[in-house]
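Me: I've got this model open and I'd like a close look at one part of it. Could you walk me through a helix and the charged pairs around it, in plain language?

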Amino acid sequence: MTPRPDPFAGMAISRAQSIALRKQLEMLAKSATDPRARALANDVLGNKTDLRGAMLGSRYQDVLDDSARLFSGWYQSLTESDRVEHERLGRLTLDQWQHDAAQESIEKPRTRPSDDDDDWEPPTILKRR
């Protein structure tokens, strides 16, 4: 059986990040109000594209730009105490996902990545136009 390509190739630095990305995409695919965002998440989860291609390509540029603008407006409208609370909840969620990743690794050890991944280094920044 041929292994499925990693839809997070070049984007997730650790197993915990990969699990967190997958969970976020699953949440987006299930509950996003914008059908373009659901399509993006489903395309990555369904291995129709990888996350890097979705983020940097032109196909989803409009939904990513719109979503970033909406998020920025929402975040700027928060009070300082609301920001602190949302950041606390985000850290708790990430900690839980990292714990889940560690448990999953104990239960099912990860296989060695392909030799093609040996020279991969995480990007220092992602830029959009």
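Reply: Start with the salt bridge between Arg59 and Asp43, where the closest N and O atoms are 3.5 Å apart. Arg59 sits in the loop between α3 (51–56) and α4, while Asp43 belongs to helix α2, so this pair ties together parts that are 16 residues apart in sequence. Keep in mind that you're looking at a predicted model.

The two partners sit in rather unlike surroundings. Arg59 is exposed, with a relative accessible area of 64%. Asp43, on the other hand, is buried, at a relative accessible area of 9%. The cut-off for buried is under 20%, so the 9% of Asp43 puts this acid in the buried class. What else does Asp43 touch? Leaving aside residues up to four places away in sequence, Asp43 touches Lys48, Thr49 and Tyr60 as well as Arg59.

Now zoom out to the helix that carries Asp43, which is α2. Asp43 has buried company there: Ala37, Leu40, Ala41, Val44 and Leu45 are buried in α2 too. And what covers them? The cover over the buried residues of α2 includes α1 (15–31), α3 and α4. Just past the end of α2, look at Asn47, which takes a positive phi of about 60°.

For some context, the whole protein has 129 residues, and buried ones make up 21% of them. Its secondary structure comes to 5 helices and 0 strands, so if you read along the sequence you get α-α-α-α-α. Of the contacts between residues at least 6 apart in sequence, 57% join residues at least 24 apart.

Next, the neighbours of α2, one at a time. Two packed helices are described by the angle between their axes and the distance between the axes. For α1 and α2, the axes come within 8 Å and cross at roughly 135°. That angle makes α1 oblique to α2. The crossing in which α1 passes α2 is left-handed. On the α1 side, the residues that meet α2 are Arg22, Leu25, Glu26, Leu28 and Ala29. On the α2 side, they are Ala37, Arg38, Leu40, Ala41, Asn42, Val44 and Leu45. Sorted by class, this contact has 8 nonpolar, 1 polar and 3 charged residues.

Then there's α4. Its axis and that of α2 are 9 Å apart, and the two helices pack at an angle of about 115°. α2 passes α4 in a left-handed crossing. Here Arg36, Ala37 and Leu40 of α2 meet Asp62, Val63, Leu64 and Asp66 of α4. By class, the contact of α2 with α4 divides into 4 nonpolar, no polar and 3 charged residues. Ala37 and Leu40 turn up in the contact with α1 and again in the contact with α4, and both are buried.

The charged residues in that α2–α4 contact are worth a look of their own. Arg36 forms a salt bridge with Asp62, and the closest N and O atoms are 3.0 Å apart. Arg36 lies in helix α2 (residues 35–45) and Asp62 in helix α4 (residues 61–77), so the pair ties together parts that are 26 residues apart in sequence. Arg36 also forms a salt bridge with Asp66, again with the closest N and O atoms 3.0 Å apart. Because Asp66 lies in helix α4 and Arg36 in helix α2, this pair ties together parts that are 30 residues apart in sequence.

Are these three buried, exposed or something in between? Arg36 is partly exposed, at a relative accessible area of 31%. Asp62 counts as partly exposed at 38% relative accessibility, and Asp66 does too, at 24%.

There's a wider pattern as well. Arg36, Asp62 and Asp66 belong to a network of salt bridges that also links Asp34 and Arg69. The structure as a whole holds 6 salt bridges.

So, to trace the picture in your viewer, begin at buried Asp43 and its exposed partner Arg59. Then move along α2 to Arg36, which pairs with Asp62 and with Asp66. From there, pick up Asp34 and Arg69, which complete the linked set.

Note on methods: Residues numbered from 1 in each chain as written. Predicted model: local features only at pLDDT ≥ 70, side-chain atom pairs only at ≥ 80, totals over all residues. Heavy atoms only, no water. Salt bridge = Lys/Arg side-chain N within 4 Å of Asp/Glu carboxyl O. Helix = DSSP H or I, 4+ residues; strand = E, 2+ residues; numbered from the N terminus. Buried < 20%, exposed > 50% of the residue type's maximum accessible area, 1.4 Å probe, protein only. Contact = heavy atoms within 4.5 Å. Axes fitted to C-alpha atoms, helices over the stretch in contact; angles between N-to-C directions. Parallel < 35°, antiparallel > 145°, perpendicular 65-115°, else oblique. Left-handed = near helix turned anticlockwise from the far one by under 90°. Nonpolar A, V, L, I, M, F, W, Y, C, P; charged D, E, K, R; others polar.
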